[in-house]
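Biologist: Please take a close look at the aromatic rings in this model. I would also like a word on surface charge.

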Amino acid sequence: MTDEASRDGDARARPDCDDSPHILSEQARGAEDGTSGDDAFHAFWADVVADEIEARDPDDPIVIKGGVSPSGVAHVGNVNEVMRGYFVAEVLRDRGHEVRQLFTSDDRDPLRKLPRKLANADGEIVGLGDVDAGALGRNLGKPYTAIPDPFGERESYAAHFAALLEADAERLGVPVEMVSNTELYADGTFEDAVRTVLSDLEGVRETLGKYQDKVDDEYVPFNPVCAECGKVTETVTAVDLEAGTVEYACTDLEVGDDVIEGCGHEGTATFREGKLPWRLEWPAQWDVLDVDFEPFGKDHAEGSWPSGVDLARTVFGIEPPVPMVYEWFTLGGEALSSSAGNVVTVPELLEILEPEVVRYFFALHPKKARDLDLERIDQLVDRFDRFEEAYFGEVDDEELTRFAERAYPFVVGGSPGIDRPADADPADRVRFPYTFAAVLGMVEDRELREQLARDEGHVDDDTPEWAVREALARVERARTWAERTDNEYNYRLQTALPDVAFDGDVAAALDDLAEFVAAGHDGEAIQAEMYETARDHGIEVADFFEAGYRLFFDQPQGPRLGEFLGELEREFVVARLRREA
RNA sequence: GGGCCGGUAGCUCAGUUAGGGAGAGCGUCCGGCUUUUAACCGGACGGUCGGGGGUUCGAAUCCCUCCCGGCCCGCCA
C-alpha cells in the first residue's frame with residue numbers, strides 16, 4: 001500500500017512540480033522531471049495546452065472554464081476568457097474528447113462602485129445618465145444578482161451583464177454554458193465547499209495567511225448577505241457547523257477611499273446565503289465544477305493563482321486545473337478602459353471585421369502583448385488573409401503554413417461568418433483586400449461593387465455565388481470602418497451635385513470629357529482621354545483629376561477615375577461632368 | 001524594493017521547440033500598367049533582434065547582468 005500511496009500520492013508528495021501558470025513561456029519546462037518534456041513540437045499553442053491537459057488523464061467530459069465579475073461594459077477584453085478556452089476545447093474535441101466550456105459569472109460579488117459606462121442589450125456603450133442610475137447607486141454593496149437591471153429588461157444587473165457575454169460568445173460562434181455563482185450558492189452546490197472552509201478555519205488561515213496580510217486569528221473567509229439590507233457583509237462573529245449557519249454583523253464596507261455603510265443588523269445566515277472571498281471562491285469553483293483547464297489574465301498570475309493552487313490542495317484536497325496566463329492586449333496602443341472610453345464591444349468590432357478575423361486574433365499566441373488598432377485594422381485583416389492563403393498552400397512561408405494548417409480549421413470552423421453550401425470548395429473563397437473593399441464601399445450599388453471587383457480580377461466567371469456573397473460582405477464592413485475612423489477611404493460617390501465651382505479652362509475640359517463619355521467609351525479610354533483633355537486645355541493633369549474627384553466624391557482624391565467612371569451609368573456621368581446633376 | 005511576463009524593420013508581426021541564411025505583410029521611395037492620381041504588378045531602401053558580458057567554430061535562440069514597459073506583491077476581483 002505504501003507503493004500505491006507514493007505512486008498516486010497527491011500533489012503535496014511532489015513539491016518540486018512546477019506550478020507556474022506560464023505554461024506557454026518556459027522553453028525548458030519539464031525537461032528533467034519527466035512530466036511533460038518530451039511532447040512533440042506544436043505550431044499551435046492550443047495543442048501545447050491540450051498536451052498538458054491530457055497528461056493529467058482527465059475524465060470526459062473535460063471541463064474548461066472562464067469567468068469574470070460583472071462590470072460596466074462587456075468588451076473585447078473579456079473575449080480572451082472565451083476564445084482562449086474555446087481553441088483548447090476544439091483541439092481536445094478534435095482529439096476525440098468530450099468537452100464542456102463553462103463561463104462563470106461571479107455575480108454574488110457586491111457592486112463596489114458605480115460604473116461610469118454601461119453596455120445596453122445591443123452592446124452599445126451608454127453613460128450613467130442614460131439609464132436608471134439610481135437603481136445602481138441605491139444598491140452599492142449588494143450582489144449583482146440583487147440589483148435591478150438599470151435598463152429595466154432583465155431580472156437583475158447580473159443577468160443583463162451575463163446575457164451580454166453570452167451574446168458575444170454566440171456572435172463569435174462559441175458555445176458556452178453560463179454559470180451563475182449566485183445560483184451555485186443558492187442551490188447548495190457550493191454548500192460543501194463553504195462547510196469545508198469553515199470547518200478548517202485554522203488551516204485556511206494558515207494557508208491564506210501566507211499570501212494575504214489581512215488574515216489573522218479572527219478572519220472568517222465567508223461573507224454573508226445581510227438579511228436586513230441585502231448587502232454583502234464582512235463581519236462573521238460565530239460559526240455553527242452543526243446548524244450550518246454563521247452569525248454576522250452588518251458592518252461598514254471599505255472600498256478604496258469610500259465606505260459603503262452597513263445597516264448594523266445582526267443576524268444569522270446559512271452557508272447558502274453568502275459568498276466565499278475570491279481567493280477561496282476560485283478554487284471552490286474548480287472543485288465543484290471539476291475544472292480541468294482555465295485561462296486567465298496576467299493580473300491573476302502572481303496573486304490569486306499561487307494562493308488558489310495552495311488552497312485547492314490544502315483545503316479542498318484537489319489538484320488545480322491546468323492554468324494558462326494570457327497577455328492583455330491594448331486598443332490603439334492604450335489599455336482598455338471603459339471609464340476612459342477606450343473600449344470596443346464585440347458587436348462594434350463585428351461591424352468592421354468578419355467573425356473569423358476576430359477569432360484569428362485570439363488564435364495568435366497568448367503570451368504576446370498585442371495591439372488591436374482599429375485605425376489600421378486592415379493590417380489585421382491582411383494578416384488573416386495571408387494566414388488563410390497559407391492554409392490553402394498559396395504562401396511560400398513554412399512557419400506560417402505550419403501554423404495555418406493546424407489553426408485555420410479551428411478559426412473558421414464554427415465561425416458565424418462562414419455560411420456555405422454543403423458542396424462548396426473552401427479553396428474557392430474570395431477575400432478582397434480590406435482596403436480594396438473600402439474602395440468598393442465608395443459606391444452603394446451592389447452590382448457596381450461586384451463589377452468593379454470583376455474588373456480588378458478578384459471575381460471571375462468561375463467564382464461561386466457563395467464566394468461572391470462572402471466577399472461582398474466585407475465591403476460593408478470596410479465601409480463602416482472608413483466611416484468610423486473617418487480615414488482616407490471615407491468618401492462616397494455623391495448622388496447629388498456637390499457645391500463646386502471651376503474656372504473656365506477646367507469647366508471646358510469637363511464639358512469635352514462629357515462629350516467623350518457620351519459618345520460611348522469604356523473606362524480605359526476615359527482614363528486616357530482625361531490626360532488628353534487636360535493637355536488640350538492647358539491645365540495640369542493633377543488639377544483636372546482633382547476636379548473630377550470633387551465632382552464625384554466631393555473630395556480632392558479618389559480611385560483611378562477614368563476606369564471608375566466607366567462603370568457608372570453613362571447618363572449620370574455625363575450630366576455630372578456637365579455640372580447639371 | 002521583490003517576483004512574473006514581454007521587448008525582432010517606420011507599423012503589425014513570424015522566427016526561440018531543436019544554436020548555423022535576420023524574415024513576411026503593410027507603409028515609404030523608385031519603376032511598370034500606351035501618357036504622375038491611392039485598387040494591380042516589379043524593384044529598392046529599411047533592423048547594433050532593448051544594451052552589455054559569457055558559453056560556442058557559430059547566438060535573435062543557451063547562461064549572467066543591466067535598461068524599458070505591463071502585471072502582481074494592500075483591498076477587491
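Modeller: A residue counts as exposed when its relative accessible area is over 50%, and as buried when that area is under 20%. Keep in mind that this is a predicted model. Start with the surface. D217 has 66% relative accessibility, so D217 is exposed. D217 sits in the loop that runs between α8 (201–209) and β6 (223–224). D217 also belongs to a surface patch of negative charge. The other members of that patch are D200, E202, E206, D216 and E218.

Now to the rings. Aromatic pairs number 33 in this model. One of them joins Y185 and F190. Their centres are 4.5 Å apart and their planes meet at 45°, which makes the pair tilted. Are these two residues buried or exposed? Y185 has a relative accessible area of 0%, so Y185 is buried. F190 is buried too, at 0% relative accessibility.

Another pair is W282 with W305. Here the ring centres lie 6.1 Å apart. The planes stand at 70°, so this pair is edge-to-face. The pair links distant parts of the chain, 23 residues apart. W282 is in helix α9 (residues 278–289), and W305 is in helix α10 (residues 304–314). W282 has a relative accessible area of 1%, so W282 is buried. W305 is buried as well, at 3%.

Ring pairs also build a cluster. Its members include F44, W45, Y86 and F87. Among the others are Y360, F384, F387 and Y391. F392, F403, Y408 and F410 belong to the cluster too.

Notes. Residues are numbered from 1 along each chain as its sequence is written. Chains are lettered from A and ligands numbered from 1 in the order in which they are written. This is a predicted model: local features need pLDDT of at least 70, side-chain atom pairs count only at pLDDT 80 or more; totals for chains, interfaces and linings use all residues. Side-chain values use heavy atoms; hydrogens and water are left out. Patches are made of residues with over 30% relative accessible area and no salt bridge: like charges are joined within 9 Å, nonpolar side chains (Val, Leu, Ile, Met, Phe, Trp, Tyr) within 5 Å. Accessible areas come from the Shrake-Rupley method with a 1.4 Å probe; for residues, only the protein chains shown count as cover. A salt bridge is a side-chain nitrogen of Lys or Arg within 4 Å of a carboxyl oxygen of Asp or Glu. Lys and Arg count as positive and Asp and Glu as negative; His and the chain ends are not counted. The place of a charge is taken as NZ of Lys, CZ of Arg, CG of Asp or CD of Glu. Helices (H or I, at least four residues) and strands (E, at least two) are DSSP runs, numbered from the N terminus. Buried means under 20% relative accessible area, exposed over 50%, partly exposed in between (1.4 Å probe, protein chains only). Rings of Phe, Tyr and Trp (its six-membered ring) pair if their centres lie within 6.5 Å; planes under 30 degrees apart count as stacked, over 60 as edge-to-face and the rest as tilted.
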